[in-house]
Amino acid sequence: MSAQSSSTTRRSTTAAETNISSDNTPHPSVKHCADKVNARYSHGRPEPELVPSRYALKVGAIDVMVVSDGVLSLPGAMLGHNVDPAVRAAWLNDMFLPPDVLEWALNVVMVRSGDRTILIDAGMGMEFPDLPRSGKLAQRLEDAGIDLASVTDVVLTHLHMDHCGGLLVDGVRERLRPDLRVHLAAAEAKFWEAPDFSRVSMPPGFPDALRRTAKNFLKEYQSQLRPFENEYEVAPGVLVTRTGGHTPGHSVVRLASGGDRLTFAGDAVFQVGFEHPDWYNGFEHDPEEAARVRVRLLRELAANRESLVATHLSFPSVCHVAVDGDVFRWVPGPWEY
Ligand SMILES: [Zn+2]
């Protein structure tokens with residue numbers, strides 16, 4: 001008993017010591033951030049949407065479509081909570097971004113290979129009313145002529161609600177086929193039994209919403225889960241590989257066909273991560289490991305010269321990675337239509 005409590009004390013001291021942050025700015029609420037931006041979008045929105053928010057490409061014989069679930073408005077401090085606020089503000093200014101609100105893209109990918117139709121991540125869903133510009137996936141798939149009943153497999157990079165929430169929207173589960181297979185790292189399902197939020201830096205309300213959504217998801221889809229340990233080939237040339245870092249079961253999807261390659265990196269790479277791969281994103285549960293994963297992956301993508309798509313890179317996000325001294329450079333892909 002006493003040994004256990006002393007080890008608990010030691011663990012929390014270590015966490016506090018290593019979690020040195022030069023930024024003690026409290027995050028404003030998501031509603032505060034959203035209200036600053038959303039007014040611009042609350043009128044004049046044509047229906048059907050003026051911008052289709054989908055982009056199709058080929059990777060060898062594999063069909064790929066990037067679909068935007070929308071945009072999240074989050075506190076700017078989230079993009080690097082281990083960084084001096086003045087340094088962060090200077091970077092945002094250099095990137096022509098507002099100083100306080102981060103407008104985050106939310107990309108989902110549909111893949112067709114062989115006889116499988118694979119949905120990679122599923123967007124935010126309707127759980128969070130303060131993020132009204134997200135949760136568009138179901139509508140945008142329908143607009144693209146993609147029937148949810150045609151999806152044979154879902155791959156989830158991790159169980160944060162902006163990646164699995166779309167599967168919990170009313171009516172979605174009923175439209176998916178009963179033999180749907182949901183691929184998720186076993187370590188991810190295990191993590192959410194007792195998730196550790198001691199190293200994250202999120203706006204108020206997020207940890208509870210994330211816990212609740214992951215738990216609901218595991219309950220709702222339990223019978224369809226196909227957990228894998230380290231990697232699994234979902235279809236010809238479609239390999240899901242666990243990286244850990246962002247969450248213990250965080251995974252990326254590697255596509256390879258006919259000499260072409262594309263990686264969907266989920267939350268291993270954010271826009272700031274090219275220039276500052278060591279900045280800790282507020283959603284990373286193990287920020288040091290997340291930074292190591294990011295550097296390893298970016299180096300590999302640069303060496304392979306393969307394409308990259310990531311959840312929160314500006315839509316359609318298709319790009320290449322170049323090495324630039326000690327860091328990296330983001331090279332947007334050409335518009336091909
Ligand atoms: Zn995310």
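This is a guided tour of a predicted model, moving from one selection in the viewer to the next.

**The seven-stranded sheet**

Begin by selecting strands β1 through β7, which make up an open sheet of seven strands in the order β1-β2-β3-β4-β5-β6-β7, with mixed pairing. Two of these strands stand at the edges, β1 at residues 54–59 and β7 at residues 225–228, and because each has a single partner strand, one side of each is left without a neighbour in the sheet. If you look along the sheet, the twist from one strand to the next averages 25°. As background to this view, strands of a sheet pair through backbone hydrogen bonds, either parallel or antiparallel.

**From β1 across to β4**

Now select β1 together with β2, two strands that run antiparallel and are joined by six bridges. Within this pair, Leu57 stands opposite Val64 of β2, and the hairpin that the two strands form has two residues between them, with Gly60 taking a positive phi near 60°. Stay with β2 for a moment and colour the strand by accessibility: it is mostly covered, since twelve of its 14 residues are buried.

Next, add β3 to the selection, where you will find that twelve bridges join β2 to β3 and that these strands run antiparallel. One position to look for in this pairing is Met65, which stands opposite Met110 in β3.

Moving on, select residues 101–113 and residues 116–120, which are β3 and β4, paired in the antiparallel sense over five bridges. Here Ser113 stands opposite Arg116 in β4. Arg112, which also has its place in strand β3, is partly exposed, with a relative accessible area of 39%. To relate this residue to another part of the chain, draw a distance from the C-alpha atom of Arg112 to that of Val151, which lies 39 residues apart from it along the chain, and the separation is 9.3 Å.

**The loop after β4**

Follow the chain into the loop between β4 and α4, where Asp121 lies. What is the sign of phi at Asp121? The value is positive, near 70°, in a residue other than glycine, and for comparison, most residues other than glycine have a negative phi, and most peptide bonds are trans. Asp121 has a relative accessible area of 1%, so it counts as buried, being under the cut-off of 20%.

**The nonpolar core**

Select Leu119, Leu156, Leu159, Leu167, Phe206 and Phe217 with their side chains shown, as these are the residues with the most contacts inside the largest nonpolar core, which has 54 residues. Several elements each supply at least two residues of this core, including β2 (62–75), α3 (85–94), β3 and β6 (181–185). Which element gives the largest share of this core? That share, six residues, comes from α8, the helix at residues 206–220.

**The zinc site**

Turn next to the zinc ion, and show the side chains of Asp162, His163, Asp267 and His312, whose donor atoms lie 2.1 to 2.2 Å from the ion. The two aspartates contribute OD atoms, while the two histidines contribute NE2. Along the chain these donors follow the spacing D-H-x103-D-x44-H. The site is irregular, with angles of 86 to 164° among its four donor atoms. Both Asp162 and His163 are buried.

While you are in this stretch of the chain, select Cys164, which counts as buried at 0% relative accessibility. Cys319 is buried as well, with a relative accessible area of 0%, and the structure holds zero disulfides.

**Towards the later strands**

Go on to the loop between α10 (287–304) and β12, where Arg305 is found. Arg305 has a positive phi of about 60° although it is not a glycine, and at 70% relative accessibility it counts as exposed.

In the loop between β12 (307–309) and β13, select Pro316. The peptide bond from Phe315 to Pro316 is cis, with omega near 0°.

Finish with residues 319–324 and 327–332, the strands β13 and β14, which run antiparallel and are joined by six bridges. Val323 has Phe328 of β14 as its bridge partner. The two strands form a hairpin with two residues between them, and Gly325 in the turn has a positive phi of about 65°.

Technical notes: Residues are numbered from 1 along each chain as its sequence is written. This is a predicted model: local features need pLDDT of at least 70, side-chain atom pairs count only at pLDDT 80 or more; totals for chains, interfaces and linings use all residues. Side-chain values use heavy atoms; hydrogens and water are left out. Two strands pair if DSSP finds at least two bridges between them. Helices (H or I, at least four residues) and strands (E, at least two) are DSSP runs, numbered from the N terminus. Axes are lines fitted to C-alpha atoms, for helices over the stretch in contact, and angles run from 0 to 180 degrees between N-to-C directions. Donors are N, O and S atoms within 2.8 Å of the metal (3.2 Å for Na, K and Ca); water is not among the atoms, so sites may look incomplete. Four donors count as tetrahedral if all angles lie between 85 and 135 degrees; four count as square planar and six as octahedral if opposite donors are over 155 degrees apart and all others between 65 and 115; anything else is irregular. Buried means under 20% relative accessible area, exposed over 50%, partly exposed in between (1.4 Å probe, protein chains only). A disulfide is a pair of cysteine sulfur atoms within 2.5 Å. A nonpolar core is a set of buried Ala, Val, Leu, Ile, Met, Phe, Trp, Tyr and Cys residues joined through side-chain atoms within 4.5 Å.
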